[in-house]
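Work through the exercises below with the structure open. Try each task before reading its solution.

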Amino acid sequence: MSTLDPTESSPAAGRVLVIDDSNTIRRSAEIFLRQGGYEVFLAEDGFDALAKVNDCEPHVIFCDILMPRLDGYQTCAIIKRNPRFAAVPVVMLSSKDGVFDKARGRMVGSDDYLTKPFTKDQLLQVVARFRAAAEQA
């Protein structure tokens, strides 16, 4: 793996799980995060995410709120109830920027909130902040 190729991922930089039912959002996040040097895992919904979280052991999770079958709030709550993943930061993704949505996210254990559409810089800044905090802990 070349250290100069920004499209390749480096496990040392961290693993990120992106949960979103929108293929466009998943692909955008994947491209941005890989360019930032992160190893990226994708899930289409909450059930898919719960199956993958054990395997990929992410350092940061981005979770859409509005998804079929198991919404983002339910998914976040289940992940946070598992002692193995309780400390993993979960960032809620939503096209709504409402106070209620942010408060509800915090109630189920989310660590941050990002409004869609997000930019590459916004996404990478959030991950970098949580990775830096984890390294200091």
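**Exercise 1. Place P117 in the fold, then describe the peptide bond that leads into P117 and the surroundings of K116.**

Solution.
- Step 1: locate the proline. P117 sits in the loop between β5 and α5. Helices (H or I, at least four residues) and strands (E, at least two) are DSSP runs, numbered from the N terminus.
- Step 2: locate its partner. K116 lies in the loop between β5 (112-115) and α5 (120-136).
- Step 3: check omega. From K116 to P117 the peptide bond is cis, with omega near -5 degrees. Most peptide bonds are trans.
- Step 4: check exposure. K116 is buried, at a relative accessible area of 15%. Buried means under 20% relative accessible area, exposed over 50%, partly exposed in between (1.4 Å probe, protein chains only).
- Step 5: list polar contacts. The K116 side chain makes one with the side chain of D64, at 3.0 Å. Another, of 3.1 Å, joins the side chains of K116 and D20. A polar contact is a pair of N or O atoms within 3.5 Å; within protein, one must be able to donate a hydrogen and the other to accept it, and residues adjacent in sequence count only if both atoms are side-chain atoms.
- Step 6: list the neighbours. Not counting residues up to four places away in sequence, K116 touches D20, I25, D64, L93, S94 and S95. Contact means heavy atoms within 4.5 Å.

A note on the model: it is predicted, local features need pLDDT of at least 70, side-chain atom pairs count only at pLDDT 80 or more, and totals for chains, interfaces and linings use all residues. Residues are numbered from 1 along each chain as its sequence is written, and side-chain values use heavy atoms, with hydrogens and water left out.

**Exercise 2. How many helices and strands does the protein chain have, and in what pattern?**

Solution.
- Step 1: count. There are five helices and five strands in the protein chain.
- Step 2: read along the sequence. The pattern is β-α-β-α-β-α-β-α-β-α.
- Step 3: compare with the globule rule. The radius of gyration is 14 Å, close to the 14 Å that the rule gives for 137 residues, so the chain is as compact as a globular protein of that length. The radius is taken over C-alpha atoms; the rule is 2.2 Å times the number of residues to the power 0.38.
- Step 4: add the extents. Along its principal axes the C-alpha trace spans about 45 × 30 × 25 Å.
- Step 5: add burial. Of the 137 residues, 44% are buried.
- Step 6: weigh the confidence. The chain averages a pLDDT of 90, and 91% of the residues score at least 70. Here pLDDT is the predictor's confidence in each residue, from 0 to 100. Over residues 1-10 the pLDDT is below 50, and this stretch has 16 contacts in the model beyond near neighbours in sequence.

**Exercise 3. Is α3 enclosed or open, and what covers its buried residues?**

Solution.
- Step 1: count. Seven of the 10 residues of α3 are buried, so this helix is largely enclosed by the rest of the structure.
- Step 2: name them. They are G72, Y73, T75, C76, A77, I79 and K80.
- Step 3: find the cover. It includes β1 (15-19), α2, β3, β4 (90-94) and α4 (99-107).
- Step 4: inspect the N-terminal end. D71 caps α3 there, with a side-chain oxygen 3.0 Å from the backbone nitrogen of Y73.
- Step 5: move on to the loop between α3 and β4. P83 is found there. P83 is exposed, at 74% relative accessibility.

**Exercise 4. How many disulfides are there in the whole structure?**

Solution.
- Step 1: apply the cut-off. A disulfide is a pair of cysteine sulfur atoms within 2.5 Å.
- Step 2: search. The whole structure has zero disulfides.
- Step 3: take C56. Its nearest cysteine sulfur, that of C63, is 13 Å away. C56 is buried, at 4% relative accessible area.
- Step 4: take C63. Its nearest cysteine sulfur, that of C76, is 6.5 Å away. C63 is buried too, at 1%.

**Exercise 5. Where do E57 and R69 lie, and what is the sign of phi in each?**

Solution.
- Step 1: recall the background. Most residues other than glycine have a negative phi.
- Step 2: take E57. Its phi is positive, near 40 degrees. E57 lies in the loop between α2 (46-56) and β3 (60-64). E57 is partly exposed, at 35%.
- Step 3: take R69. Its phi is positive, near 70 degrees. R69 lies in the loop between β3 and α3 (72-81). R69 is exposed, at 60%.
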